[in-house]
Each structure stands twice: as C-alpha cells, then as structure tokens.
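Got the viewer open? Switch to a cartoon view, keep the selection box handy, and we'll walk through one part of the fold together.

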Amino acid sequence: MNDANLRRLQQLIAKYEIGEEYHLTIDDLEHSLSTSRRNTSIILKCLSEYRWICWIPSKGRGKLSQFRILVSFPEALEQVLALQLEQGGFNVIPRLLESYGDAAIKALTLATEKHSLFNQQHDHLLITQYPWVDNLEPAKTYRTAEHHILRSLYNTLLVQDHDGNPQASLAHHWKMEGPFLHFWLRPNVLFHDGETLTAKDVAQCLLQLKNIEGPVQSLFDQVSDVQVVGDKQLTIELTYANPMFLHALTSPHASIYRRKRTYFSSGRSAYIGTGPFSLDDWSEERLVLKRHRGYFAQNALLEQITLTDIEGLNDHTLSFNQSGVAEETTINALSYLAVNRREKSGITPEELDRLVSFIKSSSKEFDADMVADDLSFSLSELASSNPIPNLTGTVVLTRPRMTIPLLQEMADWLQQTIVKTGVAIEVVELPNISDPSSMSESADLLFIEEVIEQPADYGLYDWLLASSGLRFIFNSSEMKAHCERVRAAVSGENLMSDLKEIEGSLYQQKLLCPLFHGKEKVFNSVEVHGVEVNQTGYSDFYKLWITSSEK
C-alpha cells in the first residue's frame, strides 16, 4: 500500500459509485485510469489484493468484467497509515499528511488509536522525536542519544549506583591490586543469539578500546594488557595504578559484546550484546528494540520499543526534548565553547579573546539560572555583562546538528551575541561529533554540550581526557602532553585539587569557555511510566511500562 495506489483509487472513485456493481470492458477501466492496458491490469490486481475493489476479469471474447469499489477513500487512507505505523514507515507519514490534508489527519487519528491499543495489549512503546542514531560502535560514539541505546543493548563489567559507586553487573566480584584489576564473571550470561559470555569476549572488547582511534582512546590506552585467567575470570593490567579506572568500566564505551554482527536490510549492522533488549531493526526511519527473554538481571517490562523522529503520535508514546510542556530535569551536562587559535583564521588572537570574554559575560542574558562557571555546577559568580566591544574580523563557528530545541536556542543566542560585536560569523555543521579534530584547521570556535559522568571526581577526570573541546583545539603532541599532566594528577596525593587546577588553567588561557548547565526534557503520555532521568541524562528503557488509559 502506498501513495500511488491511493491516487489510483481516487481516480476510480471519481468515476464510479462506492458499492455499486458495474459490468465493464477493460477499455473502460483503461480510460478511467488514463494508462496502458498492461498497467491497468496490474493496478486492478493490486487494488483487489488490498480488498479496495472487487474485480472479476472477463473470460471470453465480448464478455464484460465485474467491477465494484469496496472502500471509501478515507478508509483506504487509514489502512495505508496503519500499515506505515505497523511497519515503521515513519518517513512516509508526513508526506501523506501534506498530500491529503485534513482527510489524512483524521485517518491518522483513527490509525493511531488502533495502533496504540495494539501497543497497550502487546507491551509495545513508540518513542517519538528521538535524535537520529548513526553509530552504535561503543568505542566510536560520543553522543548521548546513542549511549541510551548502547545501555539497552549491552552490559558493562560494572555499573554505578545513584551515588556513582561501582556495583556488580557482568562481573559479580572484583579486586584491585595496584595496577592489576581482577574480575570474576557471572555464570550463564547469554548473548542475544544464545551463546554464553566468556572472559575471552570481555578481553577482546576492552583491548578494542585501547586500539581503536576514537573519542575515548586516551581514557583506555592505559590498559597494558587483558589476561584471560579462566573461562569466567580475567585480569586487566594498567600502566599505572588508577582507582578512577573502575568508573571507566561502567561507561557505555566499555560495553561488552560478541565479535559478531547482526545485519539489517538497510545495510546497517551492530554487534550482538547481552543487554535487556536486542536490536530487531535499524534504518533511517526507525530503530526497534525487542525484549531479551534470556537476560540475566532485571527483565525489561516492555516487549518492544520503537524509536523514531516522527512528531504528532502522542498515544502510548514518549518523546525526548520536544518543544512545549514536558517534565524537565537538570542534568550534569555542560554547554561550552572551545577556542582554536589557528594560523589561517579570519580574526586575530586578541580579537578572538575579547569576543570569548564578551560571550561569557553575556551568558546570564540567556538564562541566569543555567550559567555554569566550571564542572562543579555551583552557583555562578558572574557579574553583569561587559559593554559591547567593537570588534572586526570573521569567526568560523562549528557545532553539531542541533536536535534538541534548548540547544538550538543556545546556538541562536550565541550567534546573535557574536554579531553584536561587529564580527562576521560563518557557521559550519560539525560532520562527525565523535571526531571534532576534523574541523580544527577550518574553525575558530566549537560549541557543544557534553554529559559529565558521575561521581564528580571521575566526571572531571573523564572530561579532561576525552572531551570534544580538547580534541578540537589540541594537536596530537599537545593532547599527549595534556593527558600526561592529567595522569600525573591521578597518581598524586591531591587528586581532585590537581584536576581542578588543570581545569582552571584551561579557562584562564581562554582555551575553553563554560557557558550553561544542561537540561533534559521528557514528554510522555499518561499511560507511560518508569521514566527516570538520572544526573547524566540517561533513562533506562527496561524500566518503562504502560497502563491502560481510562476513558
């Protein structure tokens, strides 16, 4: 069923009454459809299979065909929309709404009600306006939306409790002895394809993090070796003793998977995991999670979750960061500028410094309650705005595609603030959020928001090693020297104060400019429960559940 078939039905309805039986020649129908005889036969056969018409072809010379239209156009339109909802054809729906206007809106309302009833009866959930998902490689993605999915598909050796303390997950027991971390795995943990997790699987994944060039390579290159001691036991050897590393093993980057992929008709693929959901489908239109019934921990409460960026389907749905009324949670995420003093810039270093200082001083004009001065997220001590400076030159600003309205508002404010100074601005979309260095030779400023992991000391450590801003402004030798300074701080006696000193120096040198504290908006219908957004902005899909709506 598609738009072309709907148009053909419209042509027939314009000529013949619904429900009336006609005796016609193929020439009559050919004329009504304004196409060739061959195409007419194909169209009639297709519409018959949909049960939109009854067509009994003539048998013998001079005989007439029997023809009857069985459905109205709104009924056919509802069927098409219902099928698109069922099959996840979410890119088709907006085109139908645009083509058929009010008729399509009414049909979509009916189709949505039926689809929602099916979802309720079968524990299915549709999550709308979810940011696009392009990359599900744990070692390569740095986007929060993709980390949500990783946490549903995969498990890590350890997890964090609400206070950020490491707790058992795939590993039921662990022990630290200087640079050696010993882990004992749970028995009978099953991958989504039924295979059993082994220490060899874990070792391969952790060594991948060390060897794959990606956003967290600097965090995991301290892994000297991973030794498989037994089928359910392994030892991680670090280049130096580092108590922070346990927290790194709780992040989505440290997800454990089989070195075997599931492939989809869209051409996309993903590694097979052990998480509460398996990946059932993944295309540009949708991503479908199915409950993993052999899960070793708390089972998901929903059988299926479908994620899409479509708008307007609010029955039994949950939406992330859409405009309008929603439940809003302040999260530990920082929006900031990274300042790149490149050789071929259209603005002098002095003018760029003055511009960044003015942007920082003006940040309270956007939202005084959201202003952040550092990763402690304490109350800002920022005074009133500086006078608008008279600056010259051209600045190139790069930023990721903004899928969250609040971040788009921040970006708009930032551009308006820059223009006030007389500086011309060129905005270039960051092509790969996980590789900000791709814009280092062509952009002066990077605007980005990043989640700060918990607990606070690990969050600062992680950010100083893996933040996009530092990978944008530092070349490889500068990044290496910076990471050595961070590692020296971790080995010292005053870990937190030394890390904060490194953080402060980045601000003082105007290499980084913190702007705003993060917020997560979640809009859900009254039947969706279990939505819990933690400080890092993550929501565990396996906790979601649906109740019957009260009429």
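**A walk across one sheet**

Begin with the hairpin: strand 9 and strand 10 form it, with 2 residues between them. Keep in mind as you click around that this is a predicted model.

Select residues 223-230 for strand 9 and residues 233-238 for strand 10. Strand 9 and strand 10 run antiparallel, joined by 6 bridges. To see the pairing residue by residue, show Gly230, which stands opposite Gln233 in strand 10. Then pick Gln227, whose bridge partner in strand 10 is Thr235.

Next, add residues 180-185, which is strand 8. Strand 8 is antiparallel to strand 10 too, and 5 bridges join the two. Which residue of strand 10 is the bridge partner of Phe180? Click on Glu237 and you have it.

Now zoom out to take in the whole sheet. It is an open one of 4 strands, in the order 7-8-10-9, with antiparallel pairing. Select 171-177 to bring in strand 7. Strand 7 and strand 9 stand at the edges with a single partner strand each, so one side of each has no neighbour in the sheet. Look along the sheet for its twist: neighbouring strands are turned by 15° against each other on average, direction ignored.

Last stop: select residues 199-211, helix 7. This helix packs on the sheet, where it touches strand 8, strand 9 and strand 10. Compare directions while you're there: that of helix 7 makes about 175° with that of strand 9.

Conventions:
Residues are numbered from 1 along each chain as its sequence is written. This is a predicted model: local features need pLDDT of at least 70, side-chain atom pairs count only at pLDDT 80 or more; totals for chains, interfaces and linings use all residues. Side-chain values use heavy atoms; hydrogens and water are left out. Two strands pair if DSSP finds at least two bridges between them. Axes are lines fitted to C-alpha atoms, for helices over the stretch in contact, and angles run from 0 to 180 degrees between N-to-C directions. Contact means heavy atoms within 4.5 Å.
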